[in-house]
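Q: I am new to this structure and would like a friendly, close look at one part of it. Could you start with the whole and then move in?

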Amino acid sequence: SPSSSSSSQGTLSKIYNFQQWHDPTFLAMFILAAFMGSVLNYSIFLCTTLNSALTTAVVGALKNVAVTYIGMVLFEDYAFSWVNFIGINISIAGSLYYTYITIFKGVRGFGNG
């Protein structure tokens with residue numbers, strides 16, 4: 001359709017005219033991000049191939065927990081408050097519980113009833 005074509009041409013134009021394409025630091029970070037994305041996808045594929053989807057799901061859930069807590073410690077944009085900290089922990093507990101229920105529902109028919 002004409003509107004999607006003009007929309008994508010506008011996006012391509014913005015990408016082409018991006019000011020930082022000539023900045024070596026930006027280019028290095030851009031290439032590193034693309035490479036690390038490829039490494040992540042390959043490692044997920046390898047984990048699922050060599051183990052099982054169950055192992056990949058468990059490792060993924062544990063990775064999310066680790067990333068959350070490491071991000072809280074390393075990055076200064078996390079403003080500690082008890083309400084925020086408790087909320088994050090409730091969210092993590094919910095995520096882990098969801099993973100647990102999803103795994104056992106698929107494996108043992110857990111929750112069918």
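How many helices and how many strands are there in the chain? After that, please take me closely through helix H3 (residues 53–74).

A: Happy to! This is a predicted model, in which local features need pLDDT of at least 70 and side-chain atom pairs count only at pLDDT 80 or more, while totals for chains, interfaces and linings use all residues. Residues are numbered from 1 along each chain as its sequence is written, and side-chain values use heavy atoms, with hydrogens and water left out.

The chain has four helices and zero strands; these are DSSP runs numbered from the N terminus, with H or I over at least four residues for a helix and E over at least two for a strand. Along the sequence, the pattern reads α-α-α-α. Of its 113 residues, 11% count as buried, where buried means under 20% relative accessible area, exposed over 50% and partly exposed in between, using a 1.4 Å probe and protein chains only. Contacts, meaning heavy atoms within 4.5 Å, can also be sorted by sequence: among those between residues at least 6 apart, 30% join residues at least 24 apart.

Now to H3, beginning with the helix before it. H2 spans residues 24–50. The axes of H2 and H3 come within 7 Å and cross at roughly 135°. Each axis is a line fitted to C-alpha atoms, for helices over the stretch in contact, and angles run from 0 to 180 degrees between N-to-C directions. H2 and H3 are therefore oblique to each other: angles under 35 degrees count as roughly parallel, over 145 as roughly antiparallel, 65 to 115 as roughly perpendicular, and the rest as oblique.

Where do these two helices meet? From H2 come Ile-44, Cys-47 and Thr-48, and from H3 come Ala-53, Thr-55 and Thr-56. Let's pause at Thr-56, a residue of H3. Setting aside residues up to four places away in sequence, Thr-56 touches Ile-44, Cys-47 and Thr-48. Thr-56 counts as buried because its relative accessible area is 19%.

Further along H3 sits Val-65. With 18% relative accessibility, Val-65 is buried too. Beyond its neighbours within four places in sequence, Val-65 is in contact with Ile-92 and Leu-96. Ser-95 lies 30 residues from Val-65 in sequence, yet their C-alpha atoms are 9.0 Å apart in space.

One more residue completes the tour, this time on helix H4, which covers residues 82–108 and holds Thr-99. Apart from neighbours within four places in sequence, Thr-99 is in contact with Ala-57 and Ala-61. Thr-99 counts as buried because its relative accessibility is 15%.
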